[in-house]
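Subject: Structure handover

Hello,

Here is the structure we talked about. Please have a look at it, then read the notes below.

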Amino acid sequence: MKNIFKTLAIVALGFFATSCVSADVDNVQLVDGDGVVNFTVSAPHTTSRAIADGKKATDLVCVVYDKDWNYLTTIDDCDFDGSSLKTTVTIRLVNKKEYNFIFWADVPGNSHYTKAFGTTPGENVPAPTVTVNYGTDANDESRDAFFGTHNLIVDGTMNEDVKL
């Protein structure tokens with residue numbers, strides 16, 4: 001019976017509001033038991049003649065796990081604007097619960113990376129992985145990719161910075 005309630009709670013998380021916004025969420029009305037996390041995600045700016053500027057890696061994914069790395073949901077409709085490599089991801093979560101997050105940005109349509117972050121709510125993913133298949137070409141900007149991880153306990157409305 002406990003597993004049924006755990007599964008229902010995880011599935012319910014998928015129905016919580018998630019979005020990518022550029023506005024602050026300090027004035028969002030919270031329902032009892034809810035918290036809102038406003039992640040400001042930015043990719044590094046690389047400016048060197050030896051490497052590209054990274055501005056083609058505009059496809060951003062946020063993967064949400066509980067504290068034990070059980071997969072909860074993926075938010076994949078968030079993109080960088082290409083010039084600033086910065087965006088805001090807003091997620092409504094259960095207050096006072098601990099979560100782990102993976103943020104991954106790469107070039108749209110990128111075939112160099114195979115990601116295994118989890119696909120079934122409640123699935124334990126003890127080692128999310130990315131497999132790389134570069135081939136033989138060097139300095140190909142289609143290979144640009146950045147990632148970051150974050151862990152937190154939700155406490156009402158929160159603003160968090162994530163640097164990839």
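Buried here means under 20% relative accessible area. Keep that cut-off in mind for strand β9. The model is a predicted one.

Strand β9 covers residues 145–153, and its side chains alternate. Phe146, Gly148, His150 and Leu152 point to one face and are buried. Ala145, Phe147, Thr149, Asn151 and Ile153 point to the other face and are not buried.

Now the sheet. It is open and has 4 strands, in the order β4-β3-β6-β9, with antiparallel pairing. β4 and β9 are the edge strands; each has a single partner, so one side of each lacks a neighbour in the sheet. On average, neighbouring strands are turned by 15° against each other, direction ignored.

Two of the pairings in detail. β6 and β9 run antiparallel, joined by 9 bridges. In that pair, Phe101 sits opposite His150 of β9, and His150 is one of the buried residues listed above. β3 and β6 are also antiparallel, with 8 bridges between them. Here Leu60 has Ala105 in β6 as its bridge partner.

Last, two backbone points in loops. Most residues other than glycine have a negative phi. Trp69 is not a glycine, yet its phi is positive, about 65°. Trp69 lies in the loop between β3 (59–66) and β4 (71–79). Its relative accessibility is 26%, so Trp69 counts as partly exposed. Lys96 also has a positive phi, near 70°. Lys96 belongs to the loop between β5 (86–94) and β6 (98–106). Lys96 is exposed, at 54% relative accessible area.

Best wishes

Conventions. Residues numbered from 1 in each chain as written. Predicted model: local features only at pLDDT ≥ 70, side-chain atom pairs only at ≥ 80, totals over all residues. Heavy atoms only, no water. Buried < 20%, exposed > 50% of the residue type's maximum accessible area, 1.4 Å probe, protein only. Pairing = 2+ DSSP bridges. Axes fitted to C-alpha atoms, helices over the stretch in contact; angles between N-to-C directions.
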